[in-house]
Amino acid sequence: MQLASSALWALACKFEDMPSFTTCTSIDSCASKRLPIHTCEGNCGSRTRTVTDRDFYSSICPIELPFLAEERNRVTILFGGLTWKHERLIEGLLTGAGYLCKALPETDRRAHEFGKEFCASGLCNPVYFTVGNLIRHLRQLEDSGLSRADIIKNYIYFTAACGGPCRFGMYESEFRLALRAAGYSGFRVLSFSQDHGVFASTGHSGLQFSADFGWNALHAFILGDLLNGVQHRLKPFEMQAGATERAVAKAVSTIAEHFRTNCGFELQSIAPDFLLPDRNSRWYRFPNSLGKLWSHLYGDALTTVLPSAAQELHTVEVDWLRVKPVVKVIGEFWAQMTESDGNFRMLEFLESEGAEVSTEPISTWVLYLLHQQKARVACRQKMSIYTAPWTSPWKAITARAAALGKRMGFTLGARIYLHHFRRLAKLLSVPHPMLAPQEALSSLAAPYYNTFLRGGEGHLEVGKTLYYTQKKACHLVLALKPFGCLPSVQSDAVQAALVERLPEVSFLPVETSADGEIHAYSRVQMALSEARAKATAEFEHVLQTLHHPLDEIRSFVGEHPELRHPLNPIPRHAGITSTAANFLIYADHLMSRTLTEYATYGLAKHKRCSTILGQIRSTGE
Ligand code: SF4
């Protein structure tokens, strides 16, 4: 096998016009000559490799230098593709862990053209946008005076990868092929396989995940989700244009600075020296890791920084009485989240058209991965009557125990994540953080979409449409699908059938590509006018059921600044969708039942208000 691999590798190298076996003498020579490494005795450390299957596959995917620990202080990690909130937090996280890093600028149509030029044809849209963005940035570095060899030597790109059936599984190799076509052969693309979850590793000694790094990465994703949600929630109601974005940016900077400077829990900081075992022994490492776990999940790791970041958000003043249709944006992972030309800047467009946008957090995706793993184990467990029959009792018991252990592990993982999500939301004073339960999504989607079907968002798009419609959490579900995305085409087809069967489903699929936004905008505007009419009718209907007219409620709100507080926990009422209608009921209750008490105590800010409202609700009125 090895012989065959060597022969194939040699053949591949011949086509590539490269020497098949070479000895590199230093990292510089490797980077500049772009040679595959088999034996290296230079700066990159002495190591010898034989030609393996991996090398054979590397003829398709060019061999790159590894990213070594000693390169950390000179190699810059490039990354991108998330929202600016997530990216700034990740920047803080990587800098705090001792890496040089840089988030790529926002992708746009020009980047898409670069992607089209250097990638294969017929790929899905996010590939062109993300690959093109990287290549354009490398070109800009070159224009600033860096040589290609220096760029290859001093920069790496970090991305997520998976082995799934959709094109996401090929992203990593698409990056490499396009980089090679653009003249950056040997440029390092490091990937983090989401299939391996917490056990993932890049396989490069330079990028290693310590316990603190892992926990802070989790915090960065959750806090990015929460702040992104806050931004879209407050922006339509802000009294001063741009106040939300400025406040969110300051909150993000405060948290990113914490990631940059905070060292995390260390046993040696709380225990006297004479009690401490050797720092490299397991007697130190094990209790130290437990301490870190406790500090991140339940301790004081973020208890100071998050309330102070929340203070930045308090500066935004809002008018909750503006009637806005709620648009739930779902769709393909990247298309629904990006704030760039990749989805026609749809979130910004919706807000400019007077809608309240409800985005889907990345956390839903994380919980989906855990849920799917658990469902697969449960499915395999059912097959154990064939794979581990009771005729061999020991094998049968161990197989069942192993499956049970895995299921419990995934359940525990999801519970810890949810608990942590809610805890961070509370520390950041974000009211009602919403994460759709995976069991509900999967059972709602199951009659229409095979929940074991992998690729893209799987059954999530169908499940979310039904879930948010059933919960009356939006007036319109907008599904954003990148051009060329097969999983989203499947989901859209199912959802189109759902609209016919269930008239209450208000669903609009929009395909995004680099052009055609005029057509997309006009379709969205038409659907929005219907959603706006629904929101207005709902507001009028609620107004008729209240004890106070609108102008009295307005003047009550005007007298009480707490009711213009951006993080006011406005309770949601069953069947009422818009924020304005829910706020009307809330303010009316406060005026009717507790006006005197409310005025006396000044709400003890909005906490008191929640208590009062809790009492009102518990009486069933
Ligand atoms: S989900 Fe669709 S757009 Fe996203 S990587 Fe897969 S095929 Fe491409």
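The exercises below work through a predicted model, each with a task and a stepwise solution.

**Exercise 1. Overall composition**

Establish how many helices and strands the protein has, and what share of its residues is buried.

Solution. The protein contains 24 helices and 11 strands. Of its 621 residues, 39% are buried. As for the contacts with a separation of 6 or more, 72% of them are accounted for by residues 24 or more positions apart.

**Exercise 2. The open sheet**

Determine the order in which the four strands of the open sheet are arranged, and which strands stand at its edges.

Solution. Begin with the order, which is 9-8-10-11, with parallel pairing. Next, consider the edges: strand 9 (356-358) and strand 11 (507-512) each have a single partner strand, so one side of each is left without a neighbour in the sheet. From one strand to the next, the twist averages 30 degrees.

**Exercise 3. Strand 10 and its partners**

Describe how strand 10 is joined to strand 8 and to strand 11, and identify the bridge partners of its residues where these can be named.

Solution. On the one hand, strand 8 and strand 10 run parallel and are joined by five bridges, with L476 of strand 10 as the bridge partner of V327. On the other hand, six bridges join strand 10 (residues 476-482) to strand 11, and these two strands also run parallel. Going along the second pairing, V477 stands opposite F507, A479 has P509 as its bridge partner, and K481 stands opposite E511.

**Exercise 4. The helix over the sheet**

Find which strands helix 20 lies across, and at about what angle it runs to strand 10.

Solution. Helix 20 (residues 486-501) lies across strand 8 (326-331), strand 10 and strand 11, and its direction is at about 155 degrees to that of strand 10. Strand 10 and strand 11 are themselves joined by six bridges. Between these two strands the chain passes through helix 20, and the resulting β-α-β crossover is right-handed.

**Exercise 5. Burial of two neighbouring strands**

Decide how many residues of strand 10 and of strand 11 are buried, and assign them to the two faces of each strand.

Solution. Take strand 10, in which seven of the seven residues are buried: L476, L478, L480 and P482 lie on one side, and V477, A479 and K481 on the other, so that K481 is counted among the buried residues here. Then take strand 11, where six of the six residues are buried, so this strand is largely enclosed by the rest of the structure. Its two covered faces carry F507, P509 and E511 on one side and L508, V510 and T512 on the other. An edge position in the sheet, which strand 11 has, is thus found here together with burial of its six residues.

**Exercise 6. The nonpolar core**

Name the residues that touch the most other members of the largest nonpolar core, and follow the contacts of L478.

Solution. The core has 123 residues, and those touching the most other members are L89, V131, I135, I255, V327 and L478. The helix that gives the most to this core is helix 9 (residues 211-234), with 10 residues. In soluble globular proteins, nonpolar side chains tend to be buried together. Leaving aside neighbours within four places in sequence, L478 is in contact with V327, K328, V329, L508, V510 and V524.

**Exercise 7. One face of helix 5**

Work out which residues of helix 5 are buried and how they are distributed about its axis.

Solution. The buried residues of helix 5 (residues 109-118) are A111, H112, F114, G115 and F118. Seen down the helix axis, they fall within an arc of 160 degrees, so they line one face of helix 5. Among the elements that cover them are helix 6 (125-143) and helix 8 (171-181).

**Exercise 8. Two positive phi values and one partly exposed residue**

Locate F344, S429 and T536, and classify each as buried or partly exposed.

Solution. Most residues other than glycine have a negative phi. F344, although not a glycine, has a positive phi of about 60 degrees, and lies in the loop between helix 13 (333-337) and helix 14 (346-352). With 24 other C-beta atoms within 10 Å, F344 is buried. S429 likewise has a positive phi of about 60 degrees; its place is in the loop between helix 17 (393-427) and helix 18 (438-445), and with 21 other C-beta atoms within 10 Å S429 is buried. T536, found in helix 21 (residues 517-545), has 15 C-beta neighbours inside 10 Å and therefore counts as partly exposed. The C-alpha atoms of T536 and S578 are separated by 9.1 Å, although the two residues are 42 residues apart along the chain.

Key:
Residues are numbered from 1 along each chain as its sequence is written. This is a predicted model: local features need pLDDT of at least 70, side-chain atom pairs count only at pLDDT 80 or more; totals for chains, interfaces and linings use all residues. A nonpolar core is a set of buried Ala, Val, Leu, Ile, Met, Phe, Trp, Tyr and Cys residues joined through C-beta atoms within 7 Å. A residue is buried if 20 or more other C-beta atoms lie within 10 Å of its own, exposed if 12 or fewer, and partly exposed in between; C-beta atoms are placed from the backbone. Two residues are in contact if their C-beta atoms, placed from the backbone, lie within 7 Å. Two strands pair if DSSP finds at least two bridges between them. Axes are lines fitted to C-alpha atoms, for helices over the stretch in contact, and angles run from 0 to 180 degrees between N-to-C directions. The arc is that of the directions from the helix axis to the C-beta atoms. A crossover is right-handed if, with the strands pointing away from the viewer, the path from the first strand over the helix to the second runs clockwise.
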